[in-house]
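Reader: I am new to reading protein models. Could you walk me through one, feature by feature?

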Amino acid sequence: MAEPPDDEHPLATAREDAAAAVHVPDTPQTRSPSYRLAFTDRDFLLREELRPVRLQLELLKPELELREHRIESTVVVFGSARVADPEVAAHDLEAAELAAARDPDDPDLARQLAMARRRMARARDYAEARRFAALVTQAGQAHGSRRLVVVTGGGPGVMEAANRGALESGGVSIGLNIVLPHEQAPNRFVTPELCFQFHYFALRKMHFLMRAAALVVFPGGFGTLDELFETLCLIQTGKIRPIPVLLVGRDYWRRLVDLRLLVEEEMIAPRDLDLLTFVDTAEEAWAVIAERHGFGRTALDEDQLGPAP
């Protein structure tokens, strides 16, 4: 991010001083870590005592970039990183079927075939997320605006599908990656200028919701559930304004989450059930958001993304 010029300010900028600081005599004093400018001293910035500063930096960097790119509002898409592209899932299923046919009595091959069939069925989520992001992007970014910009965790699976649908519709999308021991590299469909990496889960979650006009949740695991229930808690307690929270895949979510139990046990109020809306398709999800935010219905270019699964 370029620092804006300020010809009227009499003081040298931090950028100018950082550049000048490298042109000093090589002496024991200048080689000492204590001589480094504080804001260029990596070892200093990574000290435990500097955590409050790092938290502030992780809040500010994405915020300033999103402002510069005129991002007005977002639609957050959550879902499993393990969901496969339907074409990939179909290829894997075909290979598993061939292998199992050659040796029908092999239990490992039978198990692999069952897993491939399950992944093929779950690939529907990838297709729906891709279609949904296309619908949102075509409406929200029409005529150069940056409304309802799709934001995901930036990883594979459902996240990749949503970023892909936005890109294929000619729009931008955001990816909020996080450093993890495995699997978290940004997918290739995130807009490069809007691809961020986080150290702190708390700040990442905050950025998911700071501009959110809706939350759309596809089937997922612990991470997806964590993000879903934190959002519900924030809405219930009035920490954020109410936004549509859509669960895509009625069968999956009704089997996994039965909030009626919480009502029966008086853990939540009956009205809290209204915080969630269950849908099955990209079109259903978009219809809810379009009505809430005053958008007309958007038709997908079927030649671009193919028919609904």
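Author: Let us go from the overall picture to the sheet, the helices, the cores and a few single residues. Keep in mind that this is a predicted model.

Reader: Let's begin with the whole protein. How many helices and strands are there?

Author: The protein has 13 helices and seven strands. Its C-alpha atoms fill a box of roughly 75 × 50 × 50 Å along the principal axes. Of the 309 residues, 42% are buried. Among contacts between residues at least 6 apart in sequence, 70% join residues at least 24 apart.

Reader: Next, the strands. In what order do they lie in the sheet?

Author: Here is the general idea: strands of a sheet pair through backbone hydrogen bonds, either parallel or antiparallel. In this model, seven strands form an open sheet with parallel pairing, in the order S4-S3-S2-S1-S5-S6-S7. At the edges are strand S4 (195-198) and strand S7 (276-279), each of which pairs on one side only. Neighbouring strands of this sheet are turned by 25 degrees against each other on average, with direction ignored.

Reader: How many bridges join S1 to S2, and how many join S1 to S5?

Author: S1 and S2 run parallel and are joined by three bridges. One place to look is Val76, which stands opposite Val151 in S2. On the other pairing, S1 and S5 also run parallel, with five bridges between them. There you can find Thr74 opposite Ala212 in S5.

Reader: What about S2 and S3: in which sense do they pair?

Author: Strand S2 (residues 149-152) pairs with strand S3 (residues 174-178) in the parallel sense, over two bridges. Val151 stands opposite Ile174 in S3, and Thr152 stands opposite Gly175 in S3.

Reader: Now the side chains. Which residues of S1 lie on each side, and are they buried or exposed?

Author: In a regular strand the side chains alternate between the two faces of the sheet. In S1, Thr74, Val76 and Phe78 are on one side, while Val75 and Val77 are on the other, and all of them are buried. Both faces of S1 are thus covered. S3 gives a second example: Ile174, Leu176 and Ile178 point one way, Gly175 and Asn177 point the other way, and all are buried.

Reader: Which helices lie against these strands?

Author: Helix H7 (residues 158-168) lies across strand S1 (74-78), S2 and S3, and runs at about 160 degrees to S2. Helix H8 (residues 201-210) also packs on the sheet, where it touches S1, S2, S3, S4 and strand S5 (212-217). The direction of H8 makes about 165 degrees with that of S3.

Reader: I often hear about a nonpolar core. Which residues touch the most other members of the largest one here?

Author: In soluble globular proteins, nonpolar side chains tend to be buried together. The largest nonpolar core of this model has 33 residues, and Ile174, Leu228 and Trp253 touch the most other members. Helix H9 (residues 222-236) gives the most to this core, with four residues. Apart from it lies another core, of 28 residues, which includes Val150, Ala282, Ile289 and Phe295.

Reader: Which residues is Trp253 in contact with?

Author: Leaving aside neighbours within four places in sequence, the contacts of Trp253 include Val217, Phe218, Pro219, Leu228, Leu247 and Phe278.

Reader: Could we look at Ser73 too? Where is its place, and is it buried or exposed?

Author: Ser73 sits in the loop between helix H4 (51-68) and S1. Ser73 counts as buried because its relative accessibility is 13%, and the cut-off for buried is under 20%. The side chain of Ser73 reaches the backbone nitrogen of Leu148 at 2.9 Å. Leaving aside neighbours within four places in sequence, Ser73 is in contact with several residues, including Arg146, Val149, Arg211 and Ala213.

Reader: One last feature: how many disulfides are there?

Author: A disulfide is a covalent bond between the sulfur atoms of two cysteines. In this model the count comes to zero disulfides. As for two of the cysteines, Cys195 counts as partly exposed at 28% relative accessibility, and Cys233 counts as partly exposed at 41%.

Technical notes:
Residues are numbered from 1 along each chain as its sequence is written. This is a predicted model: local features need pLDDT of at least 70, side-chain atom pairs count only at pLDDT 80 or more; totals for chains, interfaces and linings use all residues. Side-chain values use heavy atoms; hydrogens and water are left out. Two strands pair if DSSP finds at least two bridges between them. Axes are lines fitted to C-alpha atoms, for helices over the stretch in contact, and angles run from 0 to 180 degrees between N-to-C directions. Contact means heavy atoms within 4.5 Å. A nonpolar core is a set of buried Ala, Val, Leu, Ile, Met, Phe, Trp, Tyr and Cys residues joined through side-chain atoms within 4.5 Å. Buried means under 20% relative accessible area, exposed over 50%, partly exposed in between (1.4 Å probe, protein chains only). A polar contact is a pair of N or O atoms within 3.5 Å; within protein, one must be able to donate a hydrogen and the other to accept it, and residues adjacent in sequence count only if both atoms are side-chain atoms. A disulfide is a pair of cysteine sulfur atoms within 2.5 Å.
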